[in-house]
Structure formats: C-alpha cells, structure tokens
Amino acid sequence: MVKKNKNIKVIFFDIGGVLLHIHPDKMINRISDITGLSYESVKFSFPEKGHDIYEKGQMTNQEWFQTFKSSLPSNSGLTENKFWGAWALILGEESKVIDILLELKKYYKIWLLSNTNPKHIQDELDNKYVFPKLVDGAIYSYDVGLRKPDKSIYIKACELAKVNPAESVFIDDLIENIDGAKKVGINGIHYTDMETLYKSLKQLGIIK
C-alpha cells in the first residue's frame, strides 16, 4: 500500500524497459526479412552514434531513416514506409509497473524521463498507450537536446518538474542511468523486476 513520504514530491519513470516492454529484436528481424540480410548483420550495423544524435533531437525522422539505411551492407527493398513499420515494432505492451504508477499517482507527482525519439512519441506513445495520459509531465531527450546518463538531463528534469533532486525518485532499467541520476542527488531505483521495485520503494518509505 502506498503511503505519503513528505520528503518525496516527484517520481520519474523511464519508459522502455520499465513502463513498456520493448522488442528491438522484432525490429531487427523485420529489417532482416525486408533486406535479406542476416539478423546479426542488421544488429551489428546499427548506427549507434546516429541514434544518439537522433534521440537528442538533432536529426529529422527522414535523416534517421537515411542514416539507418546507409549503415546496412545491403538495403535493397528498405523503403521509408517499411522502415517505420519495423521501427514501430520496438514498442511492446504496457508492463505491470503501470499498476504501481496508478497507486503512486494518488500521493506523488509522476513524470516521464526517457531517451526517445519523435517518431515513437508522436506516432506510437501518444496514440496507443494509457500511461502518457496519467502523468503530470514528461522530459523526452529529443525535446531537451540531452540524453541519459548526461547529468544535465536530470538537472533539467528537476527544473521542469519544479522539484529539488533530493525530493525526487527516478526508476530506470539501466544502471548507468541510475548512476547519472544519483550524481545530481536524485534517489535512484534500478528496475529489474516487480519484487525488487516494491522492496526499493519500501526502503524509501513510499509504500508500506
């Protein structure tokens, strides 16, 4: 059962791997089917630097498609329309963490803090899922030009949510992102499973 901890005002949630199950393997498989390339070839060709730029809002959707396509050893048949169809497969179903979010919302402000891109937000998240309508605000990497675990994005998140870092909690499935949050004084919870999440929230005095 959730209880009010007067020292905590805001709880930030990551999206992929926490509120949503993600399936990058499905995207890779679809690209493999389209191009005739092996799964491994598509996976190892993924343009990480370009993706980082895209998620910082410094690349348009079309530029990202071209960057991805150009990174492949062979891209025969990969049209932009087919690419975005594959890209949408990354986002899966909502997780059971949504149930916790709903309970926490009764006592705390809830914000999203995610490394993400405009295509996933505008075409997928805003239209297909419930949780974006439940939160008080969102910090998306492409909107603020910053990406976790850069400590600047956590500072920006607290500014936007109007909360002191020590009065906030951040839940993320990647330990490096939790480490980044802790560096600016945010209470971090590394999400691995529901049981561990409950234990961590209990330790912070957020649930009984």
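This section describes the sheet, a pair of packed helices and two buried residues in a predicted model.

The sheet is open and is formed by five strands, which follow one another in the order β5-β4-β1-β6-β7 with parallel pairing. Its edges are occupied by β5, spanning residues 137–140, and by β7, spanning residues 187–190, each of which pairs on one side only. From one strand to the next, the twist averages 20°. At the β7 edge, strand β6 (residues 168–172) runs parallel to β7 and is joined to it by four bridges; within this pairing, Phe170 has Gly188 of β7 as its bridge partner.

Two packed helices are described by the angle between their axes and the distance between the axes. For helix α4 (residues 61–71) and helix α5 (residues 80–87), the angle is about 90° and the axes lie 11 Å apart, which makes α4 roughly perpendicular to α5. On the α4 side, the contact is made by Asn61, Gln62, Trp64, Phe65 and Phe68, and on the α5 side by Glu80, Phe83, Trp84 and Trp87. By character, the residues of this contact divide into six nonpolar, two polar and one charged.

Within α5, the buried residues are Phe83, Trp84, Ala86 and Trp87. Because these residues cover an arc of only 155° around the axis, they are placed on the same side of α5. An α-helix has 3.6 residues a turn, so residues three or four places apart point the same way. The elements that cover the buried residues of α5 include α4 as well as α1 (24–35), α3 (48–55) and α7 (118–128).

Helix α7 is also the location of His120. This histidine, His120, has a relative accessible area of 6% and is therefore buried, the cut-off being under 20%. When neighbours within four places in sequence are left aside, the contacts of His120 are with Trp87, Ala88, Ile90, Leu91 and Leu125; of these, Trp87 is also one of the buried residues of α5.

The second buried residue considered here, Pro47, lies in the loop that connects α2 (39–45) with α3. Its relative accessible area is 12%, so Pro47 likewise counts as buried. With neighbours within four places in sequence again set aside, Pro47 is in contact with Trp64, Thr67, Phe68 and Ser71, and among these residues Trp64 and Phe68 also take part in the contact of α4 with α5. Between Pro47 and Asn177, which are 130 residues apart along the chain, the separation of the C-alpha atoms is 21 Å.

How values were computed:
Residues are numbered from 1 along each chain as its sequence is written. This is a predicted model: local features need pLDDT of at least 70, side-chain atom pairs count only at pLDDT 80 or more; totals for chains, interfaces and linings use all residues. Side-chain values use heavy atoms; hydrogens and water are left out. Two strands pair if DSSP finds at least two bridges between them. Helices (H or I, at least four residues) and strands (E, at least two) are DSSP runs, numbered from the N terminus. Axes are lines fitted to C-alpha atoms, for helices over the stretch in contact, and angles run from 0 to 180 degrees between N-to-C directions. Angles under 35 degrees count as roughly parallel, over 145 as roughly antiparallel, 65 to 115 as roughly perpendicular and the rest as oblique. Contact means heavy atoms within 4.5 Å. Ala, Val, Leu, Ile, Met, Phe, Trp, Tyr, Cys and Pro count as nonpolar, Asp, Glu, Lys and Arg as charged, and the others, Gly among them, as polar. Buried means under 20% relative accessible area, exposed over 50%, partly exposed in between (1.4 Å probe, protein chains only). The arc is that of the directions from the helix axis to the C-beta atoms.
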